[in-house]
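Welcome! Take a moment with the sequence and the 3D view below, and then we will walk through the places where the chains and the DNA meet.

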Protein chains: 2
Amino acid sequence: MKTWNRNNPIAQFIRKRRKDLNLTQFELSDTTGVGLRFVRELEQGKPNLMTDKINQVLLFFGHELTPNPISDATRRNLGEQ
Amino acid sequence: MKTWNRNNPIAQFIRKRRKDLNLTQFELSDTTGVGLRFVRELEQGKPNLMTDKINQVLLFFGHELTPNPISDATRRNLGEQ
DNA sequence: ATTATTTATACCCTAATAGGTATAATTTCA
DNA sequence: TGAAATTATACCTATTAGGGTATAAATAAT
């Protein structure tokens, strides 16, 4: 079972943006329409999530999931499987 | 039911990169370890997919899913729900 | 220190993804 | 042309994500 990774790009992005707006996890889940539990799994870096749920949250920040060159944080995490 | 969108950033990326390397869908599924049917759903823009499966394919191209500002193609598609 | 708020973990249930396979449509190439 | 290869669609099943909720831990505020 792949390990969770709080430092993956998606988790980091959501946590930062949410805090920038001084929102609680509950408020974010409420305004975006996803479950509170999902916001938590998202921010804590659960390995396997559904893209449209993530995009449902990202849309609130004017963002969406797209392919990008692998980040250092991810590269580091790849070794630890 | 959300409509499929062949022009979403992920589908476009995979199709282009695969063709650049002159690989068939079967070869891509075989080398990345995901199902052939998944590669097809991916390239044809199925709305809801699992992130780790997508990343399993993107890794082959040195990429991963990250949040990015919404593209025009996506913005156009948003209106059509 | 105490309380209130926020975040994290655990459990059950339903719905939907991904896989496999078979078949049809489309494209490629001799 | 016609055959082979590639891509697309359809059906069935097992696995698992996501929702809800309850509880525990951690953080913030007074």
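Let us begin at DNA strand C, where helix 3 of chain B gives the most to the nearby protein surface, with 3 residues. Please keep in mind that everything here comes from a predicted model.

**Around DNA strand C**

In total, 18 residues surround DNA strand C, and those that come nearest are Arg18(A), Gln44(A), Arg37(B), Phe38(B) and Met50(B). Both protein chains therefore appear in that list of names, as you can check by the letters in brackets. Which kinds of residue make up the surface near DNA strand C? This surface divides into 5 nonpolar, 5 polar and 8 charged residues.

You can also look at the contact from the side of the DNA. Among the atoms of DNA strand C within 4 Å of the protein, 57% belong to sugar or phosphate, and the rest belong to bases. One contact with the phosphate part involves Gln25(A), where an N or O atom in the side chain is 2.8 Å from a phosphate oxygen of DNA strand C. Bases are reached as well: a polar side-chain atom of Arg37(A) lies 3.4 Å from a base nitrogen of DNA strand C, and for Arg40(A) the distance to a base nitrogen of this strand is 3.3 Å. The elements that give two or more residues to the surface near DNA strand C are helix 3 of chain A and helix 3 of chain B.

**Around DNA strand D**

Now turn to DNA strand D. Of the 18 residues around it, Arg37(A), Phe38(A), Met50(A), Arg18(B) and Gln25(B) come nearest. The largest share of the surface near DNA strand D, 3 residues, comes from helix 3 of chain A. Helix 3 (36–43) of chain A and helix 3 (36–43) of chain B each supply at least two residues of this surface. By class, the residues near DNA strand D are 5 nonpolar, 5 polar and 8 charged. Of the DNA strand D atoms within 4 Å of the protein, 57% are in sugar or phosphate, with the rest in bases.

Here are some polar contacts with the two DNA strands, side by side.

| Residue and its atom | DNA atom | Distance |
|---|---|---|
| Gln25(A), side-chain N or O | phosphate oxygen, DNA strand C | 2.8 Å |
| Arg37(A), polar side-chain atom | base nitrogen, DNA strand C | 3.4 Å |
| Arg40(A), polar side-chain atom | base nitrogen, DNA strand C | 3.3 Å |
| Gln25(B), backbone N or O | phosphate oxygen, DNA strand D | 2.8 Å |
| Arg37(B), polar side-chain atom | base nitrogen, DNA strand D | 3.3 Å |
| Arg40(B), side-chain N or O | base nitrogen, DNA strand D | 3.3 Å |

As you read the rows for Gln25, notice the atoms: Gln25(A) uses an N or O atom in its side chain, whereas Gln25(B) uses a backbone N or O atom.

**Where the two protein chains meet**

Next, find the boundary between the protein chains. Here 26 residues of chain A are in contact with 26 residues of chain B. The size of an interface is often given as the accessible area lost when the parts come together. How much area is buried between chain A and chain B? It is about 2300 Å², and carbon and sulfur atoms give 61% of it. In chain A, the residues that lose the most area to chain B are Thr51(A), Glu64(A) and Pro67(A), together 26% of what that side buries.

What about polar links? There are 15 residue pairs in polar contact across the interface of chain A and chain B, while the count of salt bridges between these chains is 0. On the side of chain A that touches chain B, two or more residues come from each of helix 1 (9–20), helix 4 (51–58), strand 1 (63–69) and helix 5 (72–79). Strand 1 of chain A gives the largest share, 7 residues. By class, this side of chain A has 14 nonpolar, 8 polar and 4 charged residues.

Strand 1 of chain A is worth a second look. It pairs with strand 1 (residues 63–69) of chain B in the antiparallel sense, over 7 bridges. Which residue of strand 1 of chain B is the bridge partner of His63(A)? The partner is Pro69(B).

**A salt bridge to find**

Over all chains, the whole structure has 8 salt bridges. One salt bridge joins the side chains of Asp20(A) and Lys16(A), at 2.9 Å from N to O. Both residues lie in helix 1 of chain A, 4 residues apart, about one turn of the helix.

Technical notes. Residues numbered from 1 in each chain as written. Chains lettered and ligands numbered in written order. Predicted model: local features only at pLDDT ≥ 70, side-chain atom pairs only at ≥ 80, totals over all residues. Heavy atoms only, no water. Contact = heavy atoms within 4.5 Å. Buried area = accessible area lost by both parts, 1.4 Å probe. Salt bridge = Lys/Arg side-chain N within 4 Å of Asp/Glu carboxyl O. Polar contact = N/O pair within 3.5 Å; in protein donor to acceptor, adjacent residues only side chain to side chain. Nonpolar A, V, L, I, M, F, W, Y, C, P; charged D, E, K, R; others polar. Pairing = 2+ DSSP bridges. Near = heavy atom within 4 Å.
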